[in-house]
Amino acid sequence: MTTAFYTHSDCLNHQTPTGHPEQVGRLQSVTEALQGFDALDRRDAPLAPDRLIGLCHPQSYIDRIAAAEPQQGCIALDEDTFMSPGSLQAARRAVGGACAAVDAVMTGEVANAFVACRPPGHHAERETPMGFCLFGNIAIAAKHAIMAHGLTRVVIVDFDVHHGNGTQELLWTEDKVLFFSSHQSPLWPGTGTESERGKFDQIVNLPLAPQTGSLEMRNTYVRQVFPMIEAYKPELILISAGFDAHRADPLAQLEWEVDDYTWITEHLCDLASRHCAGRVVSTLEGGYDLTALAASAAAHVQVLMEKGA
Ligand SMILES: [Zn+2]
């Protein structure tokens, strides 16, 4: 068995203004960091049709995003979120890659998968682009796992330093997904308190104070996240893999280290081994210091490969 790596050159065509943290160089850094990983099963992320995106967004929203794409330059959808020529195609690859990775893992073609596409997805709400995100990639992948593969217990772990507000909103009434988001608080977007629990108490928010570092994070996961996943007996584990909790990241102050990404990935893979034949699909979210992003993503994929071998 192998680890699949989904990406596509179309995801380099999604341009943001000069100086924007969510830049083309992020994806280039990640792919360069994985260049020596010869055992990866490299695959093109397919384009998601409206039918897949429609699992979480109304057609009117998809049409609005399509119509907003400019012929040249960048346009702002809000103060953070931009589109350029090619952005829609890139966003379709990000959704398509996540769903194809679910298919490949569920059918046993590969042990697990990492999807490195952009734009990221976990801030996109049902009818609102937000925080560099256009479509809710991981929430759509979870819905696809339920609809296409009949799953009833899907876990999503979002360890991006920002709250996964979009994933939370898209899955607020979804009783077949258990969603965890650990994030720095206070920090943009300001949501993600422990009192936000979803319609079925299936959403677990884990706010972490700035500068609390590795120990606080690990204690939180050991006490609150891993026992709940163990008891839930997931059929699939999805990861919103943002690497912006790293101490070098310019957007936050959570002070994780590369070794923390190794640690959390090992634990999530071990839980998947015990309950669902190791099935893990991880998708890239944030991470804005290019050196830290490359090292952290490489550490994450290294563990996926070791555990998937
Ligand atoms: Zn983030």
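Which residues does Asn205 touch, not counting residues up to four places away in sequence? The legend of the first view gives the answer, and the other views follow. The model shown is predicted.

**View 1. Asn205 and its neighbours in the predicted model.**
Asn205 lies in strand β8. With a relative accessible area of 3%, Asn205 is buried, because buried means under 20%. Leaving aside residues up to four places away in sequence, Asn205 touches His163, Gln168, Ser181, His183, Gly192, Thr193, Glu194 and Glu196. The side chain of Asn205 makes a polar contact of 2.8 Å with the side chain of Gln168. A polar atom of the Asn205 side chain also lies 3.1 Å from the backbone oxygen of Glu196.

**View 2. Thr191 in the loop between β7 and β8.**
This loop runs between β7 (177-184) and β8 (203-208). Thr191 has a relative accessible area of 34% and is partly exposed. Residues up to four places away in sequence aside, Thr191 touches His163, Asn165, His183 and Glu196. The side chains of Thr191 and His163 are joined by a polar contact of 2.7 Å. Gln71 is 120 residues from Thr191 along the chain, and the C-alpha atoms of these two residues are separated by 34 Å.

**View 3. The zinc ion and its protein donors.**
Asp160 supplies two OD atoms, His162 supplies ND1 and Asp244 supplies an OD atom. These donors lie 2.0 to 2.7 Å from the zinc ion. In sequence, the donor residues follow the spacing D-x1-H-x81-D. His162 is in the loop between β6 (154-158) and α6 (165-170), and Asp244 is in the loop between β9 (236-241) and α8 (258-276), so the pair ties together parts that are 82 residues apart in sequence. His162 and Asp244 are both buried. What makes the arrangement around the zinc ion irregular? The four donor atoms subtend angles of 52 to 155°, and the arrangement is irregular because of these angles. For four donors to count as tetrahedral, all angles must lie between 85 and 135 degrees.

**View 4. Strand β1 and the strands that pair with it.**
Strand β1 covers residues 3-7, and five of its five residues are buried. In a regular strand the side chains alternate between the two faces of the sheet. In β1, Thr3, Phe5 and Thr7 are on one side, Ala4 and Tyr6 are on the other, and both faces are covered. β1 pairs in the parallel sense with strand β5 (residues 112-115) over four bridges, and Ala4 stands opposite Ala113 in β5. β1 also pairs in the parallel sense with strand β2 (residues 41-44), again over four bridges. In that pairing, Tyr6 stands opposite Arg43 in β2. A right-handed β-α-β unit is made by β1, helix α1 (residues 24-33) and β2.

**View 5. Lys307 in helix α9.**
Helix α9 spans residues 290-308. Is Lys307, which is found in this helix, buried or partly exposed? Lys307 counts as partly exposed, with a relative accessibility of 36%. Residues up to four places away in sequence aside, Lys307 touches Glu266, Cys269 and Asp270. A polar contact of 2.8 Å joins the Lys307 side chain to that of Asp270. Gly278 is 29 residues from Lys307 along the chain, and the C-alpha atoms of the two are separated by 7.8 Å.

Methods:
Residues numbered from 1 in each chain as written. Predicted model: local features only at pLDDT ≥ 70, side-chain atom pairs only at ≥ 80, totals over all residues. Heavy atoms only, no water. Donors = N, O, S within 2.8 Å, 3.2 Å for Na, K, Ca; no water. Tetrahedral: all angles 85-135°; square planar, octahedral: opposite > 155°, others 65-115°. Helix = DSSP H or I, 4+ residues; strand = E, 2+ residues; numbered from the N terminus. Buried < 20%, exposed > 50% of the residue type's maximum accessible area, 1.4 Å probe, protein only. Contact = heavy atoms within 4.5 Å. Polar contact = N/O pair within 3.5 Å; in protein donor to acceptor, adjacent residues only side chain to side chain. Pairing = 2+ DSSP bridges. Right-handed = clockwise from strand over helix to strand, strands pointing away.
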